[in-house]
Amino acid sequence: MSQRVRRATVLITAAVIALLGTGQPALAHGFTSTVYAHITTGGDGGAGGGLDGGHIRTELELEYDLFVVSAADYEDDDPLFQTGNAAFEDGDTAAQAAALNAHAKSAVSYVTKRFTVASGSGEACTATQAGDFTIGRREGVPYAHLLLDWACPAGGDDREVRSGLFPDSETYVKGTKTIVTYEIDGRSGSAALDAEHPSFSMGQAWYERFWEFFRLGAEHLLTGIDHILFLLALIAGSRRLREIVLAATSFTLAHSVTFMLAALGLVDVPASVVEPVIALSIAVVAGWYLWRVRRHGGHATDLDLDAAVGRGHFGLDRAGWIRLGVVFCFGLVHGLGFAGALGIDEAWSWTLLWSLLVFNVGIEAVQLGIIAVIFPLLALLRHRAPRTGLWATGAISAGVAAMGLVWFVQRVFGM
């Protein structure tokens, strides 16, 4: 391969990776919106108080600016948009709540047309607003809190919850998910709803609930371009199969720890800190390999056997151990990003704990699948055509490093 062709390969690969990244928002998890719903027994049933199926209460949390735009548009309430958007631009939480409360009819109507509860017999429960709208924050953005009391007809305890909030057809966001937790009738659990799986029954089997979180974890990694680029940087810079396996394991252990602690509300780090560090981690891991290529050239993938530590166990040299430590530290930060995307910060419960673990397993299944496909191909290329393999991995790392730096600047300065 000529020098000119090699340079072209680097530029093309870097450009493709950059193109993939520039189509995404500065925040890694901004492609979609997440609705949070917590269901408990309670409420007086409002207008439907005469029904004998019992009453439940839902506490809904909806991304404020998206909620205002969608409700105003689909309920044809332009004053809600004007006052609500102005309050959002000013960052005035009191004004945000006031805007929703002044137009509660439109706001509640939008929600109850798209979020429903039905009795076990399939009859719809009747919703009534309980109290005023309030404003909270998740991942640094305002969320509207709405309490609804539902009066349900008789027909069993296996109530069905369905969510179609902020659908793709509205074109404001894509792939909205609704994370539901419930504690009702002596049972507790959680579920993840989206357009393909819009409903669940509170009487569903445990494995059905866990499958939803496994699927959610897998989809989250597949749609999180920053995490995929971080994984590509790890793969490109790994010299042996055991090195990428150990790096992936280290990353898994690290982000599992902080993921669980953050998701259970025991650790709270703002997204304004987490997201830039995730971007920086991508650039650092990719740049590390480029530095080795510049320093060692064609021997960048060689192990320094004289500096090997613990050769009988892992066969890593000093550079390998340092890289492993760096990956572990960055894994801690990525775990906070995973937890922020899921957005659950409920009190400790075994049901929630297992749901979070299964979400994490879904992430790991996709991660291992990507490694199983890409690393053997790069290893084969390095074996058959060492110089071409070196240029290919260098091109991948260059593109990933460039994108990581772009994201870092965007996230630091809020661009």
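Here are three short exercises on the predicted model shown above.

**Exercise 1. Get an overview: how many helices and strands does the chain have, and what percentage of its residues count as buried?**

Start with the secondary structure: you should find 12 helices and 10 strands. Next, look at burial. The chain has 415 residues, and 50% of them count as buried. Finally, take the contacts with a separation of 6 or more: 75% of these link residues 24 or more positions apart.

**Exercise 2. Work out how H7 and H12 pack: at what angle, and through which residues?**

First find the two helices: H7 covers residues 225-237 and H12 covers residues 386-413. Their angle is about 145°, with the axes 9 Å apart, and the crossing is left-handed. Now list who touches whom. H7 brings Ile225, Asp226, Leu229, Leu232, Ala233 and Ala236, while H12 brings Thr393, Ile396, Ser397, Val400, Met403, Trp407 and Arg411. Last, sort these contact residues by type: you get 9 nonpolar, 2 polar and 2 charged.

**Exercise 3. Explore the largest nonpolar core: how many residues does it have, and which helix gives the largest share?**

Begin with the size, which is 48 residues. Leu229, Phe230, Leu234, Ile235, Ile371, Val400 and Trp407 have the most contacts inside this core. Then check the suppliers: H6, H7, H8, H9, H10, H11 and H12 each give at least two residues. The largest share, 10 residues, comes from H7. Zoom in on Ile371: leaving out residues up to four places away in sequence, Ile371 touches Leu231, Ile235, Ile244, Ala248 and Pro376. Apart from this core lies another one of 41 residues, including Ala87, Ala107, Val117 and Ala191.

Notes:
Residues are numbered from 1 along each chain as its sequence is written. This is a predicted model: local features need pLDDT of at least 70, side-chain atom pairs count only at pLDDT 80 or more; totals for chains, interfaces and linings use all residues. Side-chain values use heavy atoms; hydrogens and water are left out. Axes are lines fitted to C-alpha atoms, for helices over the stretch in contact, and angles run from 0 to 180 degrees between N-to-C directions. Helices (H or I, at least four residues) and strands (E, at least two) are DSSP runs, numbered from the N terminus. A crossing is left-handed if the near helix is turned anticlockwise from the far one by less than a right angle, and right-handed if clockwise. Contact means heavy atoms within 4.5 Å. Ala, Val, Leu, Ile, Met, Phe, Trp, Tyr, Cys and Pro count as nonpolar, Asp, Glu, Lys and Arg as charged, and the others, Gly among them, as polar. Buried means under 20% relative accessible area, exposed over 50%, partly exposed in between (1.4 Å probe, protein chains only). A nonpolar core is a set of buried Ala, Val, Leu, Ile, Met, Phe, Trp, Tyr and Cys residues joined through side-chain atoms within 4.5 Å.
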